[in-house]
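Student: Hi! I am new to this structure; could you walk me through it?
Tutor: Gladly, let us look at it together.

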Amino acid sequence: MCGIVGYTGPKPAAPLLLNGLAKLEYRGYDSAGLALLTPQGRLKIIKKAGKIGNLVAAVKKAHISPTITAGIGHTRWATHGHPTDRNAHPHTDCGGEVAVVHNGIVENYEKLKKQLQAKGHHFKSQTDSEVLAHLIEEGLKHQSAVHSRQPAGKAKAWVEAVRWALSQIEGTYSVVAVYEREPESLIGARAGGGGLVVGLGKDENFLASDVPALLAHTRRVYYLDDNEMVILSPSGTRVVSVLNGKPIPKKVSEIQWSAEQAEKGGYPHFMLKEIMEQPRALEDTFNSRLDLGTGEVLLEGKFWSSPFVREFKKITLLAMGTSFYAAMVGKFLLEKYLRVPVEVDNASEFRYRDPIIGKDTLAIVISQSGETVDTLVALREAKAKGAKIAAICNVMGSSVTREADGVLLTRAGPEIGVASTKAFTTQLGALWLLTLHLARVRKAMPPAELKRKARELARLPMMVGALLKQRKAVEKLAKLYAKYFNFLYIGRGIQYPIALEGALKLKEISYIHAEGYPGGEMKHGPIALIDSKMPVLAIALKSSGVYEKILNNMAEVKARSGKLIALVEKGDKLAGKKADHVIEIPAISEDLSPLLSVVPLQLLAYEIAKLKHREIDQPRNLAKSVTVE
Ligand code: F6R
């Protein structure tokens with residue numbers, strides 16, 4: 001939530017920052033702004049409500065000089081205060097000398113604001129973030145006096161003022177600050193969620209909330225951990241602790257993603273591109289990990305061959321949103337093949353009860369971004385209770401991957417569309433890899449079956465590719481159903497999470513009210529909703545152990561004049577006859593079927609949203625990485 005960029009180097013800063021913001025727009029898109037450091041040692045602020053396009057127009061109008069080569073930028077997802085020009089970031093102190101951009105929530109901002117107002121500070125916005133600028137101003141007054149006689153005293157005062165300001169705030173944050181009297185140093189800091197990546201260039205350095213903003217410039221990066229502060233100048237970067245100011249060494253890593261992967265590549269929307277990329281994303285996720293000769297799964301890192309993975313007694317899966325639905329599918333697989341108890345928890349609920357987990361628990365956190373605050377906090381809670389943590393994640397170096405004991409990377413590549421698609425299918429692929437690996441090391445599956453499953457898995461990218469060719473048929477269906485205001489999705493067993501995911505995709509990008517239910521639940525209430533205006537999408541696959549039961553659900557819908565779409569196995573006349581319309585997927589074993597059944601549901605949501613002229617990649621009120629609670 002909220003995207004942050006920073007640059008210092010020899011290049012014109014404004015276009016570079018705007019480009020970076022455009023790459024981060026999926027993190028928030030209700031307003032955006034820049035703070036530029038002029039060569040004359042002044043701060044120039046430009047900010048606008050609305051999409052980044054509005055800011056681009058304002059910057060163009062302002063005729064920004066190419067001699068300005070340092071600055072910061074922000075794209076906002078509002079938490080406190082409406083999305084107006086005034087509430088857009090950057091925020092400044094009273095004198096307009098300090099500017100900050102902030103992602104997160106300053107939980108004690110009301111108290112701080114009152115204290116600062118009592119000292120004469122004048123606030124211009126309704127945001128919690130503005131207190132940071134005024135706190136730094138206060139810090140500068142004090143620190144400038146303390147350090148005035150020392151060599152390099154001004155620079156020291158600037159760093160210490162920011163450090164002091166951060167010590168005053170409660171909450172989670174990523175923040176970047178600039179000071180017109182110290183144009184050579186941008187300061188970034190992080191505590192809790194949010195994510196802040198430092199990009200290293202030659203005579204230039206960068207800061208961003210997320211890697212896509214850096215890919216056009218550098219792939220050499222390091223991530224800030226909690227309570228770390230980076231001081232960035234064109235010639236170098238150094239990291240110190242926010243808590244005690246002591247230097248912290250950082251390990252630089254090389255990002256594997258390319259700049260092209262973060263482009264639309266000729267598609268009208270990132271979401272469609274990402275749906276179509278799924279065969280490649282799955283292929284990459286399996287690549288070099290599946291030994292089809294032996295059925296062995298080769299996972300990177302020592303954790304996967306440690307005694308713990310043979311000995312744990314319980315699994316807890318933790319995730320949010322689409323990743324949570326992947327976790328629900330994971331429960332089916334892990335329980336079935338490992339025969340250990342598996343719980344699935346919505347990560348935001350997990351920390352507020354007292355879950356029974358301990359040293360014998362493997363907690364598997366699933367997150368595309370690796371920065372979802374609820375998931376991160378649940379991870380820490382599980383760790384504090386003694387569990388070992390495995391992460392299924394798409395972003396190497398993200399918080400989740402840094403805090404986990406073992407990591408299984410989904411190699412989906414950058415996912416930019418707010419509605420998650422390829423991240424989901426690769427999470428399912430990763431859960432399969434994990435199941436097969438654990439089943440082998442725990443001797444829970446005979447070698448012949450492992451081999452058979454590994455081979456079935458390896459065929460999936462090709463099968464998803466074939467399925468995507470049905471896009472035209474789904475488009476036709478979308479034309480018939482885009483007019484409805486409500487939708488139900490039903491599934492049973494391993495298809496229940498897919499019903500939930502199908503409904504989520506539709507509601508988030510088309511704004512049609514859609515709910516997913518287990519078929520068995522219908523008679524316990526939801527069937528009251530059925531009439532000729534209520535389309536129901538039933539996932540009715542022959543391979544399912546509860547196929548007949550879902551056929552009964554379908555009959556019950558039709559008996560009440562509901563509109564029925566059935567997602568069926570190719571050639572299944574029985575299920576097909578009961579429905580008004582049919583979507584077919586190739587026959588596959590029940591356990592693997594979610595990887596196929598979800599694909600037409602993604603396409604259906606996409607095509608309906610397109611017909612309704614929705615902002616598919618940036619649906620209203622949403623942001624890609626939910627970094628505040
Ligand atoms: C829905 C969607 C969200 C995310 C959720 C978790 O399409 O994208 O529901 O799945 O916010 O995000 P990650 O996986 O990054 O932790």
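Tutor: One term first: a polar contact is a pair of N or O atoms within 3.5 Å. Keep in mind that this is a predicted model.

Student: Which oxygen partner does the backbone N or O atom of Val418 lie 3.2 Å from, and does a polar contact have a cut-off here?
Tutor: The cut-off for a polar contact is 3.5 Å. A backbone N or O atom of Val418 lies 3.2 Å from its partner, an oxygen atom of the ligand.

Student: How far from an oxygen atom of the ligand does a polar side-chain atom of Lys505 lie?
Tutor: Ser420 uses a backbone N or O atom, 2.9 Å from an oxygen atom of the ligand. Lys505 instead offers a polar side-chain atom, and the distance to a ligand oxygen atom is 3.0 Å.

Student: How much of the ligand's exposed area does the protein bury?
Tutor: Taken alone, the ligand exposes 410 Å². The part of that buried by the protein is 90%.

Student: Which elements give two or more residues to the shell around the ligand?
Tutor: The ligand sits in the second largest pocket. Its shell draws at least three residues from each of domain 2 (264-468) and domain 3 (471-611). The elements giving two or more residues are helix H9 (321-338) and helix H16 (496-510).

Student: How many residues of the shell around the ligand are polar?
Tutor: In total, 14 residues surround the ligand, with Ser323 and Glu508 among the closest. By class, four are nonpolar, two are charged, and the number of polar ones is eight.

Methods: Residues numbered from 1 in each chain as written. Predicted model: local features only at pLDDT ≥ 70, side-chain atom pairs only at ≥ 80, totals over all residues. Heavy atoms only, no water. Near = heavy atom within 4 Å. Polar contact = N/O pair within 3.5 Å; in protein donor to acceptor, adjacent residues only side chain to side chain. Areas by Shrake-Rupley, 256 points an atom, 1.4 Å probe, with all protein chains shown as cover. 1 Å grid on protein atoms, 1.4 Å probe; cavity = no way out; pocket = protein on both sides within 12 Å on 5 of 7 lines; lining within 4 Å. Sits in = over half its atoms within 2 Å of the grid points. Helix = DSSP H or I, 4+ residues; strand = E, 2+ residues; numbered from the N terminus. Nonpolar A, V, L, I, M, F, W, Y, C, P; charged D, E, K, R; others polar. Domains from an automatic or database assignment.
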